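Trainee: I would like a close look at one part of this model, and then at how the rest is arranged around it. Please take the part slowly before moving outward.

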Amino acid sequence: MGLPQLPATEDESSALVSYNSWLLKHPSALDTFNQMMSIARGKKIVVCLDYDGTLSNIVDNPEQAVMTDKMRMALREVARHFPTAIISGRGREKVSDFVDLDNVYYAGSHGLDIAGPLRSPTYGDPKHQSRALDRKGNEVVLFQPAKKYLPAIEKIVRTLNEKTRSIQGVMIENNKFCVSVHFRHVRDEDFCTLEKLVNSVLQEYEEFRISIGKKVFEIRPDMEWDKGHALNYFIDTLGLGSSNDVLPLYIGDDRTDEDAFKAIRNRGEGFPTVVSSSPKDTAALYSLRNPLEVNKFLTNLVRWRKNSSSSKSFRQNFEGKTQKDWLLTTISCAEQSLGRNAILGL
Ligand SMILES: O=P(O)(O)OC[C@H]1O[C@H](O[C@H]2O[C@H](CO)[C@@H](O)[C@H](O)[C@H]2O)[C@H](O)[C@@H](O)[C@@H]1O
């Protein structure tokens with residue numbers, strides 16, 4: 001391992017000092033992994049993840065925010081061991097195309113479009129629920145509490161497209177139950193014009209709200225349903241709504257993810273984890289710097305689960321056995337955690 005890089009300039013060194021003091025309040029989930037897992041023993045971890053900036057890097061073109069194969073492999077493994085959902089601001093189908101895994105659940109439009117487990121929820125109004133097939137033909141239960149806003153959203157998209165045509169670099173993304181107005185490529189001098197324009201269009205739609213994310217205006221129905229509600233809904237439809245040993249893990253990087261962090265804090269237990277490489281106001285308790293660290297964390301989580309279940313089966317199996325039994329048990333536990341070929345040296 002090389003020596004840590006020293007800050008080159010005074011600015012860099014003061015940024016490092018403020019980041020390190022922020023880390024005291026929001027410790028790295030990699031550095032505190034063992035402490036986190038010491039409270040997870042015997043509990044049910046439920047994994048919820050944001051997409052952009054968490055599973056994929058923030059890139060210039062939203063259409064190209066693909067996930068690496070390494071992340072996909074880590075995520076597939078996580079979902080084999082824990083119930084896992086992606087809760088994104090994107091349209092649900094778009095995010096499911098990007099992630100492209102069958103063993104995770106998907107929620108799009110900041111939680112306003114959930115394809116969840118086949119169980120009746122006791123959380124959220126059942127009138128928003130319907131059975132459907134996803135694009136791969138799997139039966140899912142949809143929860144779509146903002147359906148009545150669809151005609152207005154279509155109109156907003158049309159109007160914004162027309163009115164922003166003259167501003168170079170604007171990109172409008174229709175995320176089905178919400179709309180993103182990207183300004184990453186808008187010139188600084190045009191930003192105020194765009195902001196005024198978006199506000200003026202939205203003045204005619206009082207039942208919508210605007211928030212700002214990463215170089216994007218997020219427009220969505222002003223209703224009491226956000227990523228935090230989606231997390232609670234997911235836990236509920238897994239049949240864990242009244243269980244008091246659930247530990248939700250939520251990892252996210254942006255403003256709307258704060259709702260999920262708060263929801264976990266309101267529940268009283270869990271791992272709200274923000275992705276950020278600079279200090280920021282957050283309700284999260286833990287932090288990771290970037291998607292690379294998210295990948296490491298998810299890999300550690302799977303390793304921890306495999307080790308803890310093999311040591312559990314070892315403890316359960318060992319009591320009262322002969323030396324030969326002991327050896328066979330040891331091999332079988334090692335097989336479970338490493339895979340048979342690794343034991344045979346293949
Ligand atoms: O909830 P998320 O999954 O984090 O989605 C939030 C928004 O993410 C996307 O925009 C952001 O990522 C883009 C790709 O890296 C980047 O170009 C853009 O500037 C970011 O704002 C997505 O395009 C939006 O629709 C989501 O609402």
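What covers the buried residues of H4?

Mentor: Two points about the material come before the answer. This is a predicted model, in which local features need pLDDT of at least 70 and side-chain atom pairs count only at pLDDT 80 or more, while totals for chains, interfaces and linings use all residues. Residues are numbered from 1 along each chain as its sequence is written.

The cover of the buried residues of H4 includes helix H3 (69-81), strand S2 (84-87), strand S3 (105-108) and strand S4 (113-116). Helices (H or I, at least four residues) and strands (E, at least two) are DSSP runs, numbered from the N terminus. Helix H4 itself spans residues 92-99, and its buried residues are Arg-92, Lys-94, Val-95, Ser-96 and Val-99. Buried means that 20 or more other C-beta atoms lie within 10 Å of the residue's own; with 12 or fewer a residue is exposed, and in between it is partly exposed, the C-beta atoms being placed from the backbone. An α-helix has 3.6 residues a turn, so residues three or four places apart point the same way. Just after H4, Asp-100 takes a positive phi of about 55°. Most residues other than glycine have a negative phi.

S2, part of that cover, leads on to strand S1. S1 and S2 pair in the parallel sense over three bridges, where pairing requires that DSSP finds at least two bridges between the strands. Val-47 stands opposite Thr-84 in S2, and the bridge partner of Val-47 in S11 is Leu-249. S1 and strand S11 (residues 246-252) run parallel and are joined by six bridges. S1 covers residues 44-49, and five of its six residues are buried.

Now the wider chain. The protein chain has eleven helices and 13 strands, and buried residues make up 35% of its 346 residues. Of the contacts between residues at least 6 apart in sequence, 59% join residues at least 24 apart; two residues are in contact if their C-beta atoms, placed from the backbone, lie within 7 Å. The chain is divided into domain 1 (43-145 + 226-306) and domain 2 (149-221), with bounds that come from an automatic or database domain assignment. The contact between the two takes 15 residues from domain 1 and 14 residues from domain 2. On the side of domain 1 that touches domain 2 there are three nonpolar, seven polar and five charged residues. In that count Ala, Val, Leu, Ile, Met, Phe, Trp, Tyr, Cys and Pro are nonpolar, Asp, Glu, Lys and Arg are charged, and the others, Gly among them, are polar. The domain centres, taken over C-alpha atoms, are 25 Å apart.

An open sheet of four strands has the order S7-S8-S10-S9, with antiparallel pairing. Its edge strands, each pairing on one side only, are S7 (171-174) and S9 (208-213), and the twist averages 20° from one strand to the next. S8 and S10 pair over four bridges, with Val-179 opposite Ile-219 in S10. Helix H6 (residues 188-203) lies across S8, S9 and S10 and runs at about 160° to S9. Such angles run from 0 to 180 degrees between N-to-C directions, with axes that are lines fitted to C-alpha atoms, for helices over the stretch in contact.

Two loops of this region hold a lysine with positive phi. Lys-176, in the loop between S7 and S8, has a phi of about 70° and counts as partly exposed, with 19 C-beta neighbours inside 10 Å. Lys-215, in the loop between S9 and S10, has a phi of about 55° and is also partly exposed, with 15 such neighbours. In S7 sits Ile-172. Beyond its neighbours within four places in sequence, Ile-172 is in contact with Val-157, Leu-160, Asn-161, Thr-164, Val-179 and Val-181.

Last, the ligand. It is surrounded by 24 residues, the closest being Tyr-51, Asp-52, Pro-62, Ser-88 and Gly-89; a residue is counted if its C-beta atom, placed from the backbone, lies within 6 Å of the molecule. Strands S8 (179-182) and S10 (216-221) are the elements that give two or more residues to this shell. By class, the shell has six nonpolar, eight polar and ten charged residues, and at least three residues come from each of domain 1 and domain 2.
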